[in-house]
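Okay, thanks for making time, everyone. I'll put the structure up and then walk through the pocket, the ligand and a few ring contacts.

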Amino acid sequence: MPLNEKMVQDVVKEVLASMKFPEVEAAGEHGVFEDMDEAVLAAGRAQKVIRKMSMDQREKIISAIRRKTHENAETLARIGVEETGMGNVGDKILKHHLVADKTPGTEDITTTAWSGDRGLTLVEMGPFGVIGAITPCTNPSETVICNSIGMIAGGNTVVFNPHPAAVKTSLFAVNMINEASLEAGGPDHVACSVAKPTIESGNIMMNHKDIPLIAATGGPGVVTAVLSSGKRGIGAGAGNPPVLVDETADIRKAARDIVNGCVFDNNLPCIAEKEVVALDGIADELIHDMSAENGCYIIGKDEQEALTAVVLAGGKLNRKCVGRDARTLLSMIGITVPPDIRCIVFEGEKEHPLIATELMMPILGIVRVKDFDEAVETAVWLEHGNRHSAHIHSKNIDNITKYAKAIDTAILVKNAPSYAAIGFGGEGFCTFTIASRTGEGLTSASTFTKRRRCVMSDSLCIR
Ligand code: NAD
């Protein structure tokens, strides 16, 4: 039998479950400060050094960060799961290798030139200085590493206010980045943080006179806070990505891709499939393929009500359910299922709370619609205007185009699992900061630079 993606993931999980990891040392000192002002000051000093370095020297630091991320992928994945209780070690390892391999470095810093009768004009990408970054608990070290690579490539240094629920993991990554810089001949404190991040330390950072740019990765609250700060903000906010399946899709492949994307790291990535909109003509076949071949467990009305009461207790997202696997979630409502169950599936109206809410857990509600126009309308409604991510399985170019225009998201994956959007089984670079709200889209080193025009009049055109 040919080896497929699910089989590889299952083997990775099995091997990891049987492995014993050495005790992880507490994160070292590099870049971790008691006080936010001290952290900004230290990052400012380091930025003065980085600013004077050649692009080649910056790239050496980034290469060292990539190498150390590969070396520490298992450790970072394990502390991440241990500390937050969310996601799974196997997928988190893959995410760290991905971020190390595919986050753009200095090659993303480019020059635009106009040369003609009146001389030579260049537009170059210069650093902002010290960037403030707020990071989520869902991809904690992945985001710290991804932001650091891009920001340092742009000639900046960075001060993080990481999510308090993932502080140990985030600080481990901060320390690792500074060790990489020192090993590559760079300065200490290229990435800094506070030992105990709070909303207050985040506010100090956002309002600090020496922080000209803030990159916020997280839910709507934090993005709104950053955009109200009076500073330039890059807002990478919440999503609720729908995946649409029409009659022209390869249904068997769609079922497999949707489930693989949905269960990746227990549905923590903001781009992951959160609900399905299926045309009536193929809905039954899709649900059959999801349950018969891809480890989906179909729940009825009573189980949906029980799950809603746990997952959205008192109408609020229960953080104890976020990033848990399907078997754990089912056990919370008294259902025991075999180990190959990976995803919970049910059919419902788009207003169903388990469908309309961004849950970040492997629960996929399926909304049945009569035709493609209703499918587009339903998916647009479910995306809630976040303009973040959406996906489609279709071979009809006109349908795909209509959907793409209507939903207007930063990411639209066609005929693949959602993670193809960040370079995992798809072309293109990786990022864990998708600036949906402010429009930069998938961020990379160039996003963290300012454009500067350099004009030489009537000279240096040598044509
Ligand atoms: P969260 O909003 O709970 O926390 C994000 C960060 O913001 C944390 O560091 C938190 O301490 C901080 N924070 C929250 N309110 C703040 C305020 N008023 N001032 C200063 N700091 C504040 O998000 P989370 O649960 O860690 O992550 C999940 C959410 O993030 C989901 O909505 C997901 O879609 C989104 N997300 C988006 C992206 C993206 O690239 N667009 C990536 C990952 C996660």
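Before the pocket, one bit of wording: a pocket here is an open set of grid points where a 1.4 Å probe fits, with protein on both sides within 12 Å along at least five of seven lines. The volume I'll quote is the space filled by probe spheres set on those points. And keep in mind that this is a predicted model.

So, the pocket. The largest one holds about 670 Å³ of space. Its lining comes to 35 residues, and His163, Thr217, Gly218, Gly219 and Val222 are the ones nearest the centre. If you're looking for the elements that give two or more residues to that lining, they're strands E4 (130-135) and E5 (157-162), plus helices H8 (199-207) and H9 (220-227). By character, the lining splits into 19 nonpolar, 14 polar and 2 charged residues.

Now the ligand. What comes nearest to it? Of the 30 residues around the ligand, that's Cys137, Gly237, Arg319, Glu358 and Ile434. Arg319 also has a side-chain N or O atom 2.6 Å from a ligand oxygen. There are backbone contacts too: a polar backbone atom of Thr135 sits 2.9 Å from an oxygen of the ligand, and for His163 a backbone N or O atom is 3.2 Å from a ligand oxygen. You've met His163 already, among the residues nearest the pocket centre.

Last, the rings. We've got 3 aromatic pairs in the structure, and ring pairs tie Phe264, Tyr419 and Phe424 into a cluster. Then two charges over tryptophans: Lys350 lies over the face of Trp381, 4.9 Å from the ring centre, and Arg453 lies over the face of Trp114, at 5.3 Å.

Definitions and conventions
Residues numbered from 1 in each chain as written. Predicted model: local features only at pLDDT ≥ 70, side-chain atom pairs only at ≥ 80, totals over all residues. Heavy atoms only, no water. Phe/Tyr/Trp six-rings, centres within 6.5 Å; stacked < 30°, edge-to-face > 60°. Lys NZ or Arg CZ within 6 Å of the ring centre and 35° of its normal. 1 Å grid on protein atoms, 1.4 Å probe; cavity = no way out; pocket = protein on both sides within 12 Å on 5 of 7 lines; lining within 4 Å. Helix = DSSP H or I, 4+ residues; strand = E, 2+ residues; numbered from the N terminus. Nonpolar A, V, L, I, M, F, W, Y, C, P; charged D, E, K, R; others polar. Near = heavy atom within 4 Å. Polar contact = N/O pair within 3.5 Å; in protein donor to acceptor, adjacent residues only side chain to side chain.
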